[in-house]
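Please find below my notes on the model, set out as numbered points. They begin with one residue and its surroundings and then move outward to helix packing and the core.

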Amino acid sequence: MLHSSSRSVGALCLALALGARASRLLLALSIADFAHIAPGQATPHTANQKLVALTFDDGPKPYVLLGTKSGAGVSSASLLDLLDRQGVKATFFVMGWRLSKNADDRCRKVDGGVPCRQGAEEEHRRGHEIENHTYGHGDFRQMKKRYGEEWILNDIDKGSRIIESVTGTRPKYLRPPDWDIWEDFRKRIEARGYHVMTKSSAVPPALRDVDSEDYFCAGRNLSKCPKPSDYDYVLRTIEQRERHGVYDHILVFHELPQSVELLSRLIPELKKRGYTFVSLNKYMEAVERAPM
């Protein structure tokens, strides 16, 4: 499948060969390929590759990662085993407090007897990336009112330190809880060496997070769960992005049993459609060096 930029170049070359009347027609088609891209929103293409960076928030949750039962008796297939079978390396945005010794008792109770830190160590052992979802997962605006921005920055750095104690590497990426952040504060965070993940239309589509909305499909109230299913919703979202010339996607899921089931179907389907799954670091390297 050719990307829109490849189709446009081909159309322009053919137009030159066919003469004035055909040239006007094909030139119009070429321009139409780019008409959907707003000024300043050109989308980089990764050399005819179609890339997916698969990411997960709010973990680690060992019963989902390892495929056991939660403390409440909820069963899950193993997310890490699924990723191994599919040959996919994912990126986990973890909450730092779950890696602390203070969390062990709670994690054992909630996650079927396994400390959360052990889940993160297993993620790292299997070659997945671990990035920062803050230490305490507090709402930034509420935390600013209560404690100030400096407190939030310290919470972010605290999360990085405890992640580094597992991986040996300081996290490079930060995903704010619920993506809720303001521009001046984003700049302060990035000045500390983080790349802040975002859904904002201020960045090119290939660099925006694609929210799976899987969290609406958990718990008792499923009224907001996409219909007919979250699997269909994610595919529709990707197809819509493709219609706008976007063939690279950062997909955001959570460590939930139903998301493991969804991904057991989604990963093979996207592979059939020509997508390659890569870690977030490799994705960013490929997209950021791609021609605009």
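1. Setting aside neighbours within four places in sequence, the residues in contact with Gly-119 are Pro-60, Pro-62 and Leu-65. The model is a predicted one, and in it Gly-119 belongs to helix H6, which covers residues 116-125. Gly-119 has a relative accessible area of 0% and therefore counts as buried, the cut-off being under 20%. A further link to this part of the chain is given by Tyr-63, whose C-alpha atom is separated by 8.6 Å from that of Gly-119, although the two residues are 56 residues apart along the chain.

2. Tyr-63 also appears in the surroundings of Ser-70, which, apart from neighbours within four places in sequence, is in contact with Tyr-63, Val-110, Asp-111 and Gly-112. Ser-70 is placed in the loop that runs between helix H3 (62-66) and helix H4 (79-86). Despite this loop position, Ser-70 is buried, because its relative accessible area of 10% falls under the 20% limit.

3. Helix H6 also takes part in helix packing: H6 and H8 pack with their axes 9 Å apart and at an angle of about 55 degrees, which means that H6 is oblique to H8. The crossing in which H6 passes H8 is right-handed. On the H6 side the contact is made by Arg-117, Ala-120, Glu-121 and His-124, and on the H8 side by Ile-162, Ser-165, Val-166 and Thr-167. Sorted by class, the residues of this contact between H6 and H8 are three nonpolar, three polar and two charged.

4. With which residues does H8 meet H7? From H8 the residues are Glu-149, Trp-151, Ile-152 and Ile-156, and they meet Phe-140, Met-143, Lys-144 and Tyr-147 in H7. Helix H7 comprises residues 140-147, and the axes of H7 and H8 come within 7 Å of each other and cross at roughly 120 degrees; H7 is therefore oblique to H8. The contact of H7 with H8 divides into six nonpolar and two charged residues, with no polar ones.

5. A further partner of H8 (residues 149-167) is helix H9 (residues 183-190), and these two pack at an angle of about 40 degrees with their axes 11 Å apart, so that H8 is oblique to H9. The crossing of H8 and H9 is right-handed. The contact is formed by Glu-149, Glu-150, Ile-152, Leu-153 and Ile-156 of H8 together with Phe-185, Arg-188 and Ile-189 of H9. Its composition is five nonpolar and three charged residues, with no polar residue. Glu-149, Ile-152 and Ile-156 of H8 are named in the contact with H9 and are also among the H8 residues that meet H7.

6. Turning to the interior, the largest nonpolar core has 43 residues, of which Leu-54, Leu-263 and Leu-266 touch the most other members. Helix H11 (residues 257-272) supplies the largest share of this core, namely six residues. Not counting residues up to four places away in sequence, Leu-54 touches Leu-83, Val-88, Ala-90, Thr-91, Leu-251, Phe-253, Leu-263, Ile-267, Phe-277 and Val-278. Another core, of 14 residues, lies apart from the largest one and includes Ile-250, Val-278, Leu-280 and Val-287. As background to these groupings, nonpolar side chains tend to be buried together in soluble globular proteins.

7. Strand S8 (residues 275-278) contains Tyr-275, and this residue is buried because its relative accessible area is 4%, under the 20% limit. Beyond its neighbours within four places in sequence, Tyr-275 is in contact with Lys-50, Leu-51, Val-52, Ile-238, Glu-242, Tyr-247, His-249 and Leu-270. The C-alpha atom of Tyr-275 is separated by 8.6 Å from that of Asp-248, which is 27 residues apart from it along the chain.

8. Finally, for the protein as a whole, the model has 12 helices and eight strands. Of its 292 residues, 53% are buried. Among contacts with a separation of 6 or more, 73% are accounted for by residues 24 or more positions apart.

Technical notes. Residues are numbered from 1 along each chain as its sequence is written. This is a predicted model: local features need pLDDT of at least 70, side-chain atom pairs count only at pLDDT 80 or more; totals for chains, interfaces and linings use all residues. Side-chain values use heavy atoms; hydrogens and water are left out. Axes are lines fitted to C-alpha atoms, for helices over the stretch in contact, and angles run from 0 to 180 degrees between N-to-C directions. Helices (H or I, at least four residues) and strands (E, at least two) are DSSP runs, numbered from the N terminus. Angles under 35 degrees count as roughly parallel, over 145 as roughly antiparallel, 65 to 115 as roughly perpendicular and the rest as oblique. A crossing is left-handed if the near helix is turned anticlockwise from the far one by less than a right angle, and right-handed if clockwise. Contact means heavy atoms within 4.5 Å. Ala, Val, Leu, Ile, Met, Phe, Trp, Tyr, Cys and Pro count as nonpolar, Asp, Glu, Lys and Arg as charged, and the others, Gly among them, as polar. Buried means under 20% relative accessible area, exposed over 50%, partly exposed in between (1.4 Å probe, protein chains only). A nonpolar core is a set of buried Ala, Val, Leu, Ile, Met, Phe, Trp, Tyr and Cys residues joined through side-chain atoms within 4.5 Å.
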